[in-house]
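Let's take a walk through this protein together. Keep the sequence and the structure side by side as you read.

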Amino acid sequence: MVEENAALKSGFVALIGRPNVGKSTLMNHLIGQKIAITSRKPQTTRNRIQTIYNGERGQIVFLDTPGIHKAKNKLGEYMVYAAESSLKNVDAVLWLIEPGDYIGAAEQHIAKMLDHAGLPVILVINKVDKVKKDVVQKTMETYRDVTRFEDIVCVSALHSTNLDSLIDSLFRVLPYGPRFFPEEAVTDQPVRQIASEMIREKALRSLGEEIPHGIAVVIDKMRERPDGSMTDIEATIICEKESHKGIIIGKNGAMLKKIGTEARRDIETMIDGRVSLKLWVKVRKDWRESDILVRNYGYDKKELKE
């Protein structure tokens with residue numbers, strides 16, 4: 001632990017909510033750097049991802065969690081476990097919702113979780129730029145008594161609207177204490193893991209609705225050249241069907257090249273250096289139903305307990 005001024009506040013904050021409400025986008029904009037991947041497909045985030053906000057008042061460690069949903073396979077079970085278990089080791093919670101006056105089953109489940117956890121909760125109404133003010137007001141009225149909130153903050157994560165107010169609210173509820181990480185740190189995630197997620201994001205975005213969420217990315221090799229001129233990365237995209245493999249590769253390899261080119265740019269920005277990225281595609285039938293393969297591809301419940 002880094003020793004700091006006793007007047008500082010520091011703590012861990014979990015971002016929870018249904019799939020696709022903007023948790024990863026919010027976290028990326030709060031810290032001013034892309035760490036978590038985003039796409040229009042629900043359940044894009046699979047692991048808990050920690051990123052770090054540093055300011056004069058202290059440090060906030062954000063845990064971006066998979067969306068709360070009904071699990072349909074072993075991977076889904078891992079994702080729900082990752083989201084729900086995150087509440088055991090945090091100091092506060094940001095509950096993200098979209099504007100609306102209907103409280104569905106997922107939201108009711110989240111409210112019960114939060115009641116049981118007994119943590120300070122800030123309700124974040126995201127995507128307020130997409131609706132009229134009266135809809136936002138109705139949303140606030142609908143949710144106000146669902147559980148106990150320390151504050152209700154309306155934001156547009158995509159446009160970084162009102163994020164300063166959200167940071168203010170968090171520092172009001174976090175405990176006094178030293179920074180947990182050095183000031184220059186932005187995440188505790190290994191570069192290999194972030195790189196694999198960036199490749200998966202580009203695949204999800206490029207493939208549109210053609211491929212379901214049955215893909216994973218494994219980094220087979222990541223090594224900087226001795227002269228420091230380049231980092232060589234070799235990675236494999238895992239899919240569940242032979243037909244999916246053909247779509248991912250594309251005609252004359254065009255789709256795989258597109259995914260690789262876009263991912264390489266993001267990885268180069270992240271590591272601030274040149275990258276040579278080679279991609280392969282392999283089929284592992286129904287891997288999301290296999291405990292062994294789910295663990296092998298980086299989704300291990302035991303690691304969440306550490």
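Is strand β8 (residues 231–239) largely enclosed or largely open, and how many of its residues are buried? Keep in mind as we look that this is a predicted model. Eight of the nine residues of β8 are buried, so this strand is largely enclosed by the rest of the structure.

Now look at the strands on either side of the pairing. Strand β7 (residues 216–224) runs antiparallel to β8, and eight bridges join the two. Between these strands the hairpin has six residues, and there glycine 228 takes a positive phi near 75 degrees. Strand β8 is also joined to strand β9 (residues 275–283), this time by nine bridges, and these two strands run parallel. You can follow one line of partners across the three strands. Begin at isoleucine 219, whose bridge partner in β8 is alanine 235. From alanine 235, step on to leucine 279, its bridge partner in β9. As you trace such strands, it helps to remember that in a regular strand the side chains alternate between the two faces of the sheet.

With that part in view, step back to the whole. The protein has ten helices and nine strands. Of its 306 residues, 52% count as buried. Among contacts with a separation of 6 or more, 72% are between residues 24 or more positions apart.

Let's turn to the helices. Two packed helices are described by the angle between their axes and the distance between the axes. Try this with helix α1 (residues 23–31) and helix α5 (residues 163–173), which pack at an angle of about 85 degrees with their axes 11 Å apart. Angles of 65 to 115 degrees count as roughly perpendicular, and α1 and α5 are therefore roughly perpendicular to each other. Where do they meet? On the α1 side you will find Leu26, His29 and Leu30, and across from them Leu163, Leu166 and Ile167 of α5. By class, this contact has five nonpolar residues, one polar and no charged.

A second pair gives us another example. Helix α7 (residues 242–249) and helix α8 (residues 254–271) pack at an angle of about 65 degrees, with their axes 4 Å apart. From α7 come Ile247, Ile248 and Ile249, while α8 brings Ala254, Met255, Leu256 and Ile259. Here the contact of α7 with α8 has seven nonpolar residues, with no polar and no charged ones.

Stay with α7 a moment longer, as histidine 244 is found in this helix. Its relative accessible area is 8%, and since buried means under 20%, histidine 244 is buried. The C-alpha atoms of histidine 244 and glycine 214 are separated by 9.2 Å, although these residues are 30 apart along the chain.

Our last stop is aspartate 151, in strand β6 (residues 151–154). Is aspartate 151 buried or partly exposed? With a relative accessible area of 24%, aspartate 151 is partly exposed. Beyond residues up to four places away in sequence, aspartate 151 touches Val121, Ile122, Leu123, Ser169 and Arg172. Leucine 123 is 28 residues away along the chain, with 6.4 Å between its C-alpha atom and that of aspartate 151. Two polar contacts are worth finding here: the side chain of aspartate 151 meets the side chain of serine 169 at 2.6 Å, and a contact of 3.4 Å joins the side chain of aspartate 151 to that of arginine 172.

How values were computed:
Residues numbered from 1 in each chain as written. Predicted model: local features only at pLDDT ≥ 70, side-chain atom pairs only at ≥ 80, totals over all residues. Heavy atoms only, no water. Buried < 20%, exposed > 50% of the residue type's maximum accessible area, 1.4 Å probe, protein only. Contact = heavy atoms within 4.5 Å. Polar contact = N/O pair within 3.5 Å; in protein donor to acceptor, adjacent residues only side chain to side chain. Axes fitted to C-alpha atoms, helices over the stretch in contact; angles between N-to-C directions. Parallel < 35°, antiparallel > 145°, perpendicular 65-115°, else oblique. Nonpolar A, V, L, I, M, F, W, Y, C, P; charged D, E, K, R; others polar. Pairing = 2+ DSSP bridges.
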